[in-house]
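Colleague: I'm new to reading protein models, and I'd like some help. Could you walk me through one?

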Amino acid sequence: MKYAVVLLMMVLAVAGTYFAVFHEDIMAESSSSSQESSSSLSSSVPLTVSPEESSSESGTSASASSLLPESLPEESSSSEPEKEQKPAYSPTDWKLRLINPEHLLPEDYHFEKAVVEGDFTFDARAVEELKQMLADGRAAGHSLRVVSTYRTVERSEYLYNRQIENYMALGYSEEDAAIEAGHWVAPPWTSEHNAGLCIDVVSTDYDLQYGDLMHEFEQFDSFTWLSTHCSDYGFVLRYPKDKQEITGITYEPWHYRYVGVENAKLMEEKGFCLEEYIQWLQEE
Ligand SMILES: [Zn+2]
């Protein structure tokens, strides 16, 4: 059965019908039984960033306002528009770290892990908020099911290499096979899962019907609850439907990334995805 799925994907890939933007997640990770033997679709892409600005001071000689008749309403004392207060940004801030094929996780990236539930682990600095989100969602009547959290680089490597072998078995050269595999599986060091900062979560009622990570999850009440409340716990829907060209990754209604409550609320308020938010933070 699983092989039929793999075969179908291969046929689709060979036919050149896969998406222009890629999956970040390994779809088959949602089927809890045979993770090792199933197909895997995943990967990601790029973005850019830039800042700039200058300011000037007016002289101290007779100001224009002192020449105006007193009856005119006084102008605001500051000649410059109010600057928006923004959180400080650093590219190495763990909460806002960008991780994709253009921004690899450094090989010496270390963080403390903590258990979310069962075998699932997460960055210990955010695990309490994640646990609270899951608890509150369940208390609100949603049968949330964790599919994937922290994923080792070794596992990413294994899945990526296996996909390359699949393509080579179809007659691809090693180089072409690696390119094709990269369309479906996030290469090691390029996934937020490698940093323990994101969770793939669905609900058991969804799972019974679909059993894999698909866009249909957006039709379930659990998705509505998650996408509405995740910012209260510092999470954002990382790959929104209307930001695919910016994130370079297909819409993933199940993938939530921890960025901290302050950032999550601001991103929600401004309608920014992480790439846009980081760019905005860097602008003066
Ligand atoms: Zn994910």
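Modeller: Sure, let's go through the overall make-up, then a sheet, a helix pair and two single residues. Keep in mind that this is a predicted model.

Colleague: Okay, how many helices and strands are there in the protein chain?

Modeller: The protein chain has 9 helices and 6 strands. Buried residues make up 36% of its 284 residues. Also, if you take the contacts with a separation of 6 or more, 70% of them join residues 24 or more positions apart.

Colleague: Now the sheet. What holds strands together in general?

Modeller: Strands of a sheet pair through backbone hydrogen bonds, and the pairing can be parallel or antiparallel. In this model, 4 strands form an open sheet in the order S3-S4-S6-S5, with antiparallel pairing.

Colleague: Which strands stand at the edges?

Modeller: Strand S3 (144-148) and strand S5 (235-237) do. Each has a single partner strand, so one side of each has no neighbour in the sheet. From one strand to the next, the twist averages 40°.

Colleague: Can we go along the sheet pair by pair?

Modeller: Let's do that. S3 pairs with S4 (residues 198-203) over 4 bridges, in the antiparallel sense, and arginine 145 has valine 202 in S4 as its bridge partner. S4 then pairs with S6 over 3 bridges, again antiparallel; here aspartate 200 is matched with histidine 255 in S6. Finally, S5 and S6 make an antiparallel pair over 3 bridges, with tyrosine 256 in S6 as the bridge partner of leucine 237.

Colleague: Which way do the residues of S6 point?

Modeller: His255 and Arg257 point one way, while Tyr256 and Tyr258 point the other way. All of these are buried.

Colleague: What lies across the sheet strands?

Modeller: Helix H2 (residues 127-139) lies across S3, S4, S5 and S6 (255-258). Against S3, H2 runs at about 145°.

Colleague: On to the helix pair. What should I look at when two helices pack?

Modeller: Two packed helices are described by the angle between their axes and the distance between those axes. Take H3 (residues 153-169) and H4 (residues 174-184): their axes come within 8 Å and cross at roughly 125°. H3 and H4 are therefore oblique to each other. The crossing of H3 past H4 is right-handed.

Colleague: Which residues meet there?

Modeller: From H3 you have Tyr160, Gln163, Ile164, Tyr167 and Met168. They meet Glu174, Ala177, Ala178, Glu180, Ala181 and Trp184 in H4. Sorted by type, the residues of this contact are 8 nonpolar, 1 polar and 2 charged.

Colleague: And single residues? Is valine 185 buried or exposed?

Modeller: Valine 185, in the loop between H4 and S4, is buried, because 31 other C-beta atoms lie within 10 Å and the cut-off for buried is 20 or more. The C-alpha atoms of valine 185 and tyrosine 160 are separated by 5.6 Å, although these residues are 25 residues apart along the chain.

Colleague: How does valine 153 count?

Modeller: Valine 153 sits in helix H3. It has 18 C-beta neighbours inside 10 Å, so it counts as partly exposed. Leaving out residues up to four places away in sequence, valine 153 touches Pro188, Trp189 and Asn194. From valine 153 to proline 188 is 35 residues in sequence, yet 5.3 Å in space, C-alpha to C-alpha.

Methods
Residues numbered from 1 in each chain as written. Predicted model: local features only at pLDDT ≥ 70, side-chain atom pairs only at ≥ 80, totals over all residues. Axes fitted to C-alpha atoms, helices over the stretch in contact; angles between N-to-C directions. Helix = DSSP H or I, 4+ residues; strand = E, 2+ residues; numbered from the N terminus. Parallel < 35°, antiparallel > 145°, perpendicular 65-115°, else oblique. Left-handed = near helix turned anticlockwise from the far one by under 90°. Contact = placed C-beta atoms within 7 Å. Nonpolar A, V, L, I, M, F, W, Y, C, P; charged D, E, K, R; others polar. Pairing = 2+ DSSP bridges. Buried ≥ 20, exposed ≤ 12 C-beta atoms within 10 Å, placed from the backbone.
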